[in-house]
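Me: Please take a close look at one part of this model, the place where two of its segments pack against each other. Then explain how that part fits with the rest of the chain.

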Amino acid sequence: MHVQDTHWSAAPLASAGRTGGGRAAPLRVDAQRNLEHVLRAAREVFGELGYGAPMEDVARRARVGVGTVYRRFPSKDVLVRRIAEEETARLTEQARTALGQEDEPWSALSRFLRTSVASGAGRLLPPQVLRVGVAEEGGAPAADEARVPQQRSQAGAGELRLVDGGEPGTAALLEVVGRLVERARAAGELRADVSVSDVLLVIATAAPSLPDAAQQAAASARLLDILLEGLRSRPV
């Protein structure tokens, strides 16, 4: 996954088709079809090239003019936020499903990882969620990092850390994945030093973007098997 910083603002998402009274106006059939094409193309392009990919690439993949993209999404940041929010919600639902349908802690965590990697959602995590952070003096995390569940308390320079920057849906995702991590750790099946950031890193990196779908699926499954073995605790 690519996590280029797009410098998106914290402003609420502009909603396509909003009326002056704030209610969503129904889109014409052709406009709705174009919107669906743009969203599908954006997921594909950003998944392959990262959020740094230009809007022209999205328009080309959607087979519409770039003006059509900008009519629906007045800036690239708005489109990025829309895609990232959808994928965050998707990952959160996958985690909740694993929690609700698997009694064994390790089975729940591994099911979540396998489902998420197979769906490719990890390639579209919000670009500000995973950061390489440097611990402050004394090892104390920054204020925003302290809110993230299951973060390792002592982080060295250059360690990957989670940041809840307030993006919509991020807190819910971190909370439910934190529950998966805590259950597997308490059962003695997950290495004690594995955190939520490590689990999300697995999701983000175990789904390489390859031109052939069959090769991509095989590579993802093989890589995930190796990574899962690395996450499991071992008898001393």
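Reply: In this predicted model, the part to look at is where helix H1 meets helix H4: Leu39, Ala42, Arg43 and Phe46 on the H1 side touch Lys76, Leu79, Val80, Arg82, Ile83, Glu86 and Glu87 on the H4 side. Sorted by class, these contact residues comprise 6 nonpolar, no polar and 5 charged. The nonpolar ones include Leu39, Ala42 and Phe46 from H1, and Leu79, Val80 and Ile83 from H4. Among the charged ones are Arg43 from H1 and Glu86 from H4.

Now the geometry. H1 covers residues 29–49 and H4 covers residues 76–101; their axes lie 10 Å apart and make an angle of about 85 degrees. The two helices are therefore roughly perpendicular, because an angle of 65 to 115 degrees counts as such.

Two residues of H4 show what this contact looks like in detail. Val80 sits in helix H4. Its relative accessibility is 0%, so Val80 counts as buried, the limit for that word being under 20%. The C-alpha atom of Val80 is 8.3 Å from that of Ala42, although 38 residues separate the two along the chain. Ala42 is one of the H1 residues in the contact.

Arg82 is also part of helix H4, and it too belongs to the contact with H1. With a relative accessible area of 26%, Arg82 is partly exposed, since that value falls between the 20% and 50% limits. The C-alpha atoms of Arg82 and Leu39 are 8.7 Å apart, with their positions 43 residues apart in the chain. So this one contact holds a buried residue, Val80, and a partly exposed residue, Arg82.

Follow H4 along to Thr92, which also lies in this helix. Thr92 has a relative accessible area of 5% and is therefore buried. Apart from neighbours within four places in sequence, Thr92 is in contact with Gly169, Ala172, Leu173 and Val176. Ala172, Leu173 and Val176 fall within the 170–186 range of helix H7. H4 thus has contacts with H1 and, at Thr92, with residues of H7.

H7 has a packing partner of its own. Helix H8 covers residues 196–205, and its axis is 9 Å from that of H7, at an angle of about 105 degrees. This pair is therefore roughly perpendicular as well. On the H7 side the contact involves Leu174, Val177, Gly178 and Val181, and on the H8 side Val196, Val199 and Leu200. Its classes are 6 nonpolar, 1 polar and no charged. The polar one is Gly178, because Gly is placed in that class. The contact of H1 with H4, by comparison, has 5 charged residues.

Next, the stretch of chain between H1 and H4. In an unreviewed entry, UniProt lists residues 54–73 as "DNA-binding region". Over those residues the chain is 75% helix and 0% strand, and the C-alpha atoms at the two ends are 13 Å apart. Helix H2 (55–62) and helix H3 (66–72) are joined by a loop, and Arg63 is in that loop. Arg63 has a phi near 60 degrees, a positive value for a residue that is not glycine. Most residues other than glycine have a negative phi. Arg63 is also exposed, at 78% relative accessible area.

Finally, the whole chain. The protein has 9 helices and 2 strands, arranged along the sequence as α-α-α-α-α-β-α-β-α-α-α. Among its 236 residues, 41% count as buried. Of the contacts with a separation of 6 or more, 69% join residues at least 24 positions apart. The pair Val80 and Ala42 is separated by 38 residues, which passes that mark. A wider gap is found at Asp225 in helix H9 (residues 213–231): its C-alpha atom is 9.1 Å from that of Arg114, 111 residues away along the chain. Asp225 is partly exposed, at 34% relative accessible area. The accessible surface of the protein is about 11,800 Å², and carbon and sulfur atoms account for 52% of that area.

Methods: Residues are numbered from 1 along each chain as its sequence is written. This is a predicted model: local features need pLDDT of at least 70, side-chain atom pairs count only at pLDDT 80 or more; totals for chains, interfaces and linings use all residues. Side-chain values use heavy atoms; hydrogens and water are left out. UniProt positions are given in the numbering used here, feature names are shortened, and annotations may be inferred rather than shown by experiment. Helices (H or I, at least four residues) and strands (E, at least two) are DSSP runs, numbered from the N terminus. Axes are lines fitted to C-alpha atoms, for helices over the stretch in contact, and angles run from 0 to 180 degrees between N-to-C directions. Angles under 35 degrees count as roughly parallel, over 145 as roughly antiparallel, 65 to 115 as roughly perpendicular and the rest as oblique. Contact means heavy atoms within 4.5 Å. Buried means under 20% relative accessible area, exposed over 50%, partly exposed in between (1.4 Å probe, protein chains only). Accessible areas come from the Shrake-Rupley method with a 1.4 Å probe; for residues, only the protein chains shown count as cover.
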